[in-house]
Amino acid sequence: MLKLIGILLSLLLIFNWAEPVFAQTQISLITNEELKIGDELAKKAFTAMSRGDLEGAETYWTQIIEKFPTNPAAWSNRGNLKISQNKLEDAVTDFDRAIELAPNITDSYLNRGTAFEGLGRWDDAIADYNYVLKLDPNDAMAYNNRGNAYGGLGKWDLAIADYQKSMKIDPKFSLARANYAFALYELGKKEQATREIKNIVRKYPQSADMRAALTVVLWAAGKRGEAESNWVAAYGIDRRYKDIDWVKNIRRWPPSMVAGLEKFLKIK
């Protein structure tokens, strides 16, 4: 659930534009000059992304696709940009093309799964993550993402199992640990969830997401002063947490956490 550009941008996988090489029939048709142009466009795209110019970055990827239509990375990267702009159906179309061109590259399945989640197509997302795990049974991100999709279906026990698998594969994967804490809270295991959230905040004090989450659990526990202090920190880092619609539909906190934050903000 922490998987976001903007929110999503930092976590969606973007691979080198030319890494999965062109279709065999096209290789002989590509000159060094054309490859140089492609590299320059890719640099411009990443520069635009770093500036937050997502529309500009999408335009550059479109230009790359026009020159190199059989490059799956270009289609996948443009799909990522479309997700960041909430063009989810269009993003799925781009990922479909990337997968058609490179059916055994896991990145496009992971990213298409994220688009499916945004559309509420939980079963489709799970199918994509299942295929990633078929290709790579030790993909921590796929387990984490599948846990998110199970959460979307309200299957929190299955979500917890996947987050635990993700953490076992990669003990330093803080994203899975945060999602694990949210799932615990959703199942009513509030003390355990609070301990997990506190541990993450201790390690990552600049995490607005976890500061906001700690605000909710502390406020619900009657620890008003601590809750207020963490809210000041969270809001100072990322003001979007004051927007319940954003937290619910973009960040996609679980229902009980959203309700807790909404209650806190109304009292505020």
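Which residues have the most contacts inside the largest nonpolar core? In this predicted model, they are Ile197, Met210, Trp231, Tyr241, Trp253, Met257 and Leu261, and the core holds 62 residues. Apart from it lies another core, this one of 15 residues, with Met49, Ile65, Ala74 and Leu81 among them.

Let's stay with Trp253 for a moment. Leaving out residues up to four places away in sequence, Trp253 touches Phe182, Asp209, Ala212, Ala213, Val216, Tyr241, Val247, Lys248, Val258 and Leu261. Trp253 counts as buried because its relative accessibility is just 4%, under the 20% cut-off.

Now for the rings. The structure has 8 aromatic pairs, and here are two that involve Tyr241:

| Pair | Centre to centre | Angle between planes | Geometry |
|---|---|---|---|
| Tyr241 and Trp246 | 5.0 Å | 80° | edge-to-face |
| Tyr241 and Trp253 | 6.0 Å | 45° | tilted |

Tyr241 sits in the loop between helix 13 (224-237) and helix 14 (244-251), while Trp253 sits in the loop between helix 14 and helix 15 (255-267), so their pairing ties together parts 12 residues apart in sequence. Tyr241 and Trp246 are both buried. Together with Phe182, the residues Tyr241, Trp246 and Trp253 make up one aromatic cluster. Another ring, that of Trp219, has the charged end of Arg224 over it, 4.1 Å from the ring centre.

Finally, Lys67, which belongs to helix 3 (residues 54-67). Is Lys67 buried, exposed or partly exposed? It's partly exposed, because its relative accessible area is 47%, which falls between the 20% and 50% cut-offs. Outside its neighbours within four places in sequence, Lys67 contacts Ile37 and Leu41. Its C-alpha atom is 9.6 Å from that of Leu35, 32 residues apart along the chain.

Notes: Residues are numbered from 1 along each chain as its sequence is written. This is a predicted model: local features need pLDDT of at least 70, side-chain atom pairs count only at pLDDT 80 or more; totals for chains, interfaces and linings use all residues. Side-chain values use heavy atoms; hydrogens and water are left out. A nonpolar core is a set of buried Ala, Val, Leu, Ile, Met, Phe, Trp, Tyr and Cys residues joined through side-chain atoms within 4.5 Å. Buried means under 20% relative accessible area, exposed over 50%, partly exposed in between (1.4 Å probe, protein chains only). Contact means heavy atoms within 4.5 Å. Helices (H or I, at least four residues) and strands (E, at least two) are DSSP runs, numbered from the N terminus. Rings of Phe, Tyr and Trp (its six-membered ring) pair if their centres lie within 6.5 Å; planes under 30 degrees apart count as stacked, over 60 as edge-to-face and the rest as tilted. A charge sits over a ring if NZ of Lys or CZ of Arg is within 6 Å of the ring centre and within 35 degrees of the ring normal.
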